[in-house]
Amino acid sequence: MAKTFVSREELISDWLEKYGIKYNENIDKVKIVNKKNLTELPLYIGDCFPKMKQFIFYQNSLISIPESIGNLYLLEDFFVYMNSLTVLPESICNLQYLRQLWAFSNELVEIPDSIGNISSLTLLNLNRNKITCLPDSIGNLSNLTDLSIKSNKLRSLPSSIGELSSLKSLSISHNQIELLPDTTGNLVSIQRIMCDHNLIKVIPETLSNLSSISVNIDLTFNEISIIPESIINKDNIKITL
């Protein structure tokens, strides 16, 4: 008796059907949300959508994302927040058109070392995870305008953070950061730095180099006792203690 061959496309079609989605290879968006019984995705999911631009899988119970996700070469928006992910696949660093990565409210303890390869990324939201450090390569994200890593377990930031030439908003509130790197003063486009609820004792004088028209820095609920005079004299910088 001949063995019946079932293609990946047929398998993915059957899988999508369970969620009321009809498969065709021209799909550019898949959205499956609020399915608490959804813990895993098909291993080959990244091989079946050559035109996908939006990957929307939030408020599920996903514990992992297959490495094949890195084959969605046209992907622009990646929404996997409010799941149970502990890691992100290294292959996402191959996504050269990715603009937004939303992965807040998971169980992430780290992010891929090669995250800096995603040169198109403009927004990275990793709030409410368990991340302890950021890779040096993050400084290569030359188009990043919004970086939010609130409510994690960061104790420091890499000095490469100062290389984020397009960054406008940096949110690192509710961590365990003791010191801002001197290179923070190199953020030429920064408009807002939210670093409240940390363990910062000293404000680096290099912040006086910040040259945007208006820079708001929230340092409330830290351990700071003095602001360097060089920063006090800067009309464009407003610090809240």
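The following exercises, each with a worked solution, concern a predicted model.

**Exercise 1. Cysteines and disulfides**

Determine how many disulfides the structure holds, and explain why Cys-195 is in no such bond.

*Solution.*

Step 1. Recall the chemistry: a disulfide is a covalent bond between the sulfur atoms of two cysteines.

Step 2. Search the whole structure. The search finds zero disulfides. Cys-133 is accordingly in no disulfide, and the nearest cysteine sulfur, that of Cys-93, is 14 Å away.

Step 3. Apply the cut-off. Two cysteine sulfur atoms must lie within 2.5 Å to count as a disulfide. For Cys-195, the closest cysteine sulfur belongs to Cys-133 at 19 Å, and this is too far for a bond.

Step 4. Compare the surroundings of these two cysteines. Cys-195 is buried, at 0% relative accessibility, whereas Cys-133 is partly exposed, with a relative accessible area of 45%.

**Exercise 2. Residues with a positive phi**

Locate Ser-151 and His-197 in the chain, and state the sign of phi for Ser-151 and for His-197.

*Solution.*

Step 1. Begin with the general expectation: most residues other than glycine have a negative phi.

Step 2. Examine Ser-151. This residue is not a glycine, yet its phi is positive, at about 55 degrees. Ser-151 belongs to the loop between strand 6 (146–148) and strand 7 (169–171). Its relative accessibility of 29% makes Ser-151 partly exposed.

Step 3. Examine His-197. Here too phi is positive, at about 55 degrees, in a residue that is not a glycine. The loop that holds His-197 runs between strand 8 (192–194) and strand 9 (215–218). His-197 is partly exposed, with 29% relative accessibility.

**Exercise 3. The setting of an asparagine**

Is Asn-60 buried or exposed, and which residues does Asn-60 contact?

*Solution.*

Step 1. Place the residue. Asn-60 lies in the loop between strand 2 (54–56) and strand 3 (77–79).

Step 2. Judge its exposure. A residue counts as buried under 20% relative accessible area. With a value of 3%, Asn-60 is buried.

Step 3. Look for a partner of its side chain. The side chain of Asn-60 reaches the backbone oxygen of Phe-57 at 3.4 Å.

Step 4. List the contacts, leaving aside neighbours within four places in sequence. Asn-60 is in contact with Ile-32, Val-33, Asn-34, Lys-35, Lys-36, Leu-38, Met-82 and Asn-83.

**Exercise 4. The faces of a helix and of a strand**

Identify which residues of helix 1 are buried, and which residues form the covered face of strand 10.

*Solution.*

Step 1. Consider helix 1, residues 8–17. Its buried residues are Ile-12, Trp-15 and Leu-16. Seen down the axis of helix 1, these buried residues fall within an arc of 95 degrees, so they line one face of the helix.

Step 2. Ask what covers them. Strand 1 (29–31) is included in the cover of these buried residues.

Step 3. Turn to strand 10, residues 237–240. Ile-237 and Ile-239 make up its covered face, while Lys-238 and Thr-240 make up the uncovered one.

Step 4. Find the pairing of strand 10. Strand 9 and strand 10 run parallel and are joined by four bridges. Within this pairing, Val-215 has Ile-237 of strand 10 as its bridge partner.

**Exercise 5. The nonpolar cores**

State how many residues the largest nonpolar core has and which element gives the largest share of this core.

*Solution.*

Step 1. Recall the general tendency: in soluble globular proteins, nonpolar side chains tend to be buried together.

Step 2. Describe the core. The largest nonpolar core has 69 residues, and those with the most contacts inside it are Phe-49, Phe-55, Phe-57, Phe-78, Leu-101, Leu-147 and Ile-217.

Step 3. Trace the contributing elements. Helix 1, strand 9 and strand 10 are the elements that give two or more residues to this core. Helix 1 provides the largest share, three residues.

Step 4. Take one of the residues in detail. Apart from neighbours within four places in sequence, Phe-78 contacts Phe-55, Ile-65, Ile-69, Ile-92, Leu-98, Gln-100, Leu-101 and Trp-102.

Step 5. Note the other core. A second, separate core has five residues, including Ile-56, Tyr-58, Phe-79 and Tyr-81.

How values were computed: Residues numbered from 1 in each chain as written. Predicted model: local features only at pLDDT ≥ 70, side-chain atom pairs only at ≥ 80, totals over all residues. Heavy atoms only, no water. Buried < 20%, exposed > 50% of the residue type's maximum accessible area, 1.4 Å probe, protein only. Polar contact = N/O pair within 3.5 Å; in protein donor to acceptor, adjacent residues only side chain to side chain. Contact = heavy atoms within 4.5 Å. Pairing = 2+ DSSP bridges. Arc of directions from axis to C-beta. Core = buried A, V, L, I, M, F, W, Y, C linked by side-chain atoms within 4.5 Å.
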